[in-house]
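Work through the exercises below with the sequence and the model side by side. Try each task before reading its solution.

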Amino acid sequence: MILPSESKISLLRKLDFLAEQDDKVFAYLSEIVEIKNVPAGDCIFTIGDPGGAVYVIAEGCVQIHDEDHIFIELDETRSFGEYALIDTDTRSASARAKVDSVLLLCTQANLREVEIKFNIKIIDTVLIPLQNIRKRMMVKDQLEEELTSQKVMIERQRKELERLNATKDKFFSIIAHDLKNPFASLIGASDFLVNSSNELGKEQLHNFHEIINQSARRGYKLLENLLEWARMQTGNIKFKPKEVDLWNLVNEVVNLLTGSAENKEIRLSAEIDENLKAFVDENMIDTVVRNLVSNAIKFTPRGGEIKVSSQVVGQFIEITVADNGIGITPENISKLFKIDEKVTKNGTENETGTGLGLILCKEFVERHGGEIKVESELGKGSKFIFTIAV
């Protein structure tokens, strides 16, 4: 299509950055700008293409879009291209012809030629301020993005601080209350023996010896878990995996705790595959099994049963410690492995605990890329199941 000079000038006057120019400028510019015929559906430019040009629609309709999302449709006599920002580096949107269209293309090179010809300033006096506005908008967008990122980081840090505070509170709660109780029993019983042992019969002496023994064991067990947990929190526990015979590991734990189970007339057994091996940190997995079996003994009544079993499920080994004890409420199950939650329930013979052992179990299992879960029904028993990679 050939446009007459009058039509070209009329279209060029639509470009707002040329509004103040003389007729001679428009006359000259109309001779050097390019006419482009664009068939329907053809791309005019895409996101990221070099800038440096604007278009005026002589005929047809143009869609400004981002992939399938259409921002706007422009009809005849409308201009587009970064609006009036001729000197923009790249396109921030795409453009295509909706129907067969005729466009008048004015480039930065055209404007520079006019500036030289007539000794005038177009780009520097009009376009650069507009570009500066655009740059400020880009800086504003970047600042908003940085602020959003900082807000996310601050929120993450806030949650981490909450977790650390909960850890600190748990630590001091254990020292101030849970660790104090066994030592109070120990001191009370031993003081009574020191002051009144001559007045006690053989059976009474035996009872006091048993109180001292149980209190000492409870205090030692608590200290053991407390120190191990503290080392875990400070990163002082080194992860040292190696090939471990799980049959041997589980049976050693069962043998170690059989005495405690027999004291409550509980049947404790293990059904582990004799060839079951895994690449694990032996001390960590030993701690997990020992804590789970100890808990099962605590919450299983006399005459009960506890069984430790294994099975391979896909790429994981699943170890289950099942009992027919008192069970756990759904509300307490959700709190068991949380440092900031306290589940206070004594064992079937008033045994006490802090819940710290289960938190250790969770951390050690997750260190192996596994998970720990609980299945329980109140009054019917519990199953603690943890997984480790084969």
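**Exercise 1. How many helices and strands does the secondary structure of the protein chain come to?**

Solution. The model is predicted, so local features need pLDDT of at least 70, side-chain atom pairs count only at pLDDT 80 or more, and totals for chains, interfaces and linings use all residues. Residues are numbered from 1 along each chain as its sequence is written, and side-chain values use heavy atoms, with hydrogens and water left out.
- Start with the rule: helices (H or I, at least four residues) and strands (E, at least two) are DSSP runs, numbered from the N terminus.
- The result is 10 helices and 15 strands.
- Next, burial. Buried means under 20% relative accessible area, exposed over 50%, and partly exposed in between (1.4 Å probe, protein chains only).
- Of the 390 residues in the protein chain, 39% are buried.
- Then contacts, meaning heavy atoms within 4.5 Å. Take those between residues at least 6 apart in sequence: 73% join residues at least 24 apart.

**Exercise 2. Find the largest nonpolar core and name the residues with the most contacts inside it.**

Solution.
- A nonpolar core is a set of buried Ala, Val, Leu, Ile, Met, Phe, Trp, Tyr and Cys residues joined through side-chain atoms within 4.5 Å.
- The largest one has 40 residues, and Leu292, Val293 and Phe386 have the most contacts inside it.
- Elements that each supply at least two residues include helix 7 (246–263), helix 8 (282–298), helix 10 (356–367) and strand 15 (381–389).
- Helix 8 gives the largest share, 8 residues.
- A second, separate core has 21 residues, among them Leu18, Phe26, Val33 and Ala58.

**Exercise 3. List partners of Phe386 and Thr387, leaving aside neighbours within four places in sequence.**

Solution.
- Phe386 is in contact with residues including Ile285, Val289, Leu292, Ile319 and Ile372.
- Thr387 is found in strand 15. Thr387 is buried, at 13% relative accessible area.
- Partners of Thr387 are Phe316, Ile317, Glu318, Val365, Gly370 and Glu371.

**Exercise 4. Describe how helix 8 and helix 10 cross.**

Solution.
- Axes are lines fitted to C-alpha atoms, for helices over the stretch in contact; angles run from 0 to 180 degrees between N-to-C directions.
- The two axes come within 9 Å and cross at roughly 145°.
- Helix 8 contributes Met284, Thr287, Val288, Asn291, Leu292 and Asn295, while helix 10 contributes Gly357, Leu358, Cys361, Phe364, Val365 and Arg367.
- For the tally, Ala, Val, Leu, Ile, Met, Phe, Trp, Tyr, Cys and Pro count as nonpolar, Asp, Glu, Lys and Arg as charged, and the others, Gly among them, as polar.
- The contact divides into 7 nonpolar, 4 polar and 1 charged.

**Exercise 5. How many aromatic pairs does the structure hold? Classify two of them.**

Solution.
- Rings of Phe, Tyr and Trp (its six-membered ring) pair if their centres lie within 6.5 Å; planes under 30 degrees apart count as stacked, over 60 as edge-to-face and the rest as tilted.
- There are 4 aromatic pairs.
- Tyr28 and Phe118 have ring centres 5.7 Å apart and planes at 80°, so this pair is edge-to-face.
- Tyr28 sits in helix 2 and Phe118 in helix 3, so the pair ties together parts 90 residues apart in sequence.
- Tyr28 is partly exposed, at 23% relative accessible area.
- Phe45 and Phe80 are 6.2 Å centre to centre with 35° between the planes, a tilted pair.
- Both Phe45 and Phe80 are buried. Together with Tyr55 they form one aromatic cluster.
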